[in-house]
Amino acid sequence: MKVTSLKPLPDYRLWLRFADGTEGTVDLSSYVGDGVFAAWRDPNTFSRVRIGEFGQPIWDGDVDLCADALYKTVTGHLPAGFSVKTEPAHA
């Protein structure tokens, strides 16, 4: 599910609108300072979010988030048509 609009909010929250019209806010504060998210320690870096080529939130430094995972966070379920293939366990 592509993100069609977004807006950074205070306290490392992100408002999102998805292609199906669903809107919601996610709290990303728990990521600040970890690994590739270290740059977010500077709130100005976080605020420079934009929409990437595939409809995902992106930041400078090759940081992006999966739009489908964000959709699940906002709605509690995966986007329609999303399927997860699993392989059977081998004995």
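**Notebook: helix α2 and the sheet**

I began with the packing of α2, and I found that its buried residues pack against β1, β2, β3 and β5, the last of these covering residues 57–59. I note here that I am working with a predicted model.

Next I looked up which residues of α2 are buried, taking buried to mean under 20% relative accessible area, and I listed Ala67, Asp68, Leu70 and Tyr71. Looking down the axis of α2, I saw that the buried residues fall within an arc of 160°, so they line one face of the helix. I reminded myself that an α-helix has 3.6 residues a turn, so residues three or four places apart point the same way.

I then turned to how the helix is placed, and I noted that α2, which spans residues 67–75, lies across β1, β2 and β3 and runs at about 100° to β3. Just after α2 comes glycine 76, for which I wrote down a positive phi, near 90°.

For the sheet itself, I recorded three strands in the order β1-β2-β3, which form an open sheet with antiparallel pairing. Its edge strands are β1, at residues 3–9, and β3, at residues 23–27, and each of them pairs on one side only. Neighbouring strands of this sheet are turned against each other by 25° on average, with direction ignored.

Last, I followed one pairing in detail: β2, made of residues 13–18, pairs with β3 in the antiparallel sense over five bridges. Which residue of β3 is the bridge partner of arginine 13? I looked this up and found aspartate 27.

Methods: Residues numbered from 1 in each chain as written. Predicted model: local features only at pLDDT ≥ 70, side-chain atom pairs only at ≥ 80, totals over all residues. Heavy atoms only, no water. Pairing = 2+ DSSP bridges. Helix = DSSP H or I, 4+ residues; strand = E, 2+ residues; numbered from the N terminus. Axes fitted to C-alpha atoms, helices over the stretch in contact; angles between N-to-C directions. Contact = heavy atoms within 4.5 Å. Buried < 20%, exposed > 50% of the residue type's maximum accessible area, 1.4 Å probe, protein only. Arc of directions from axis to C-beta.
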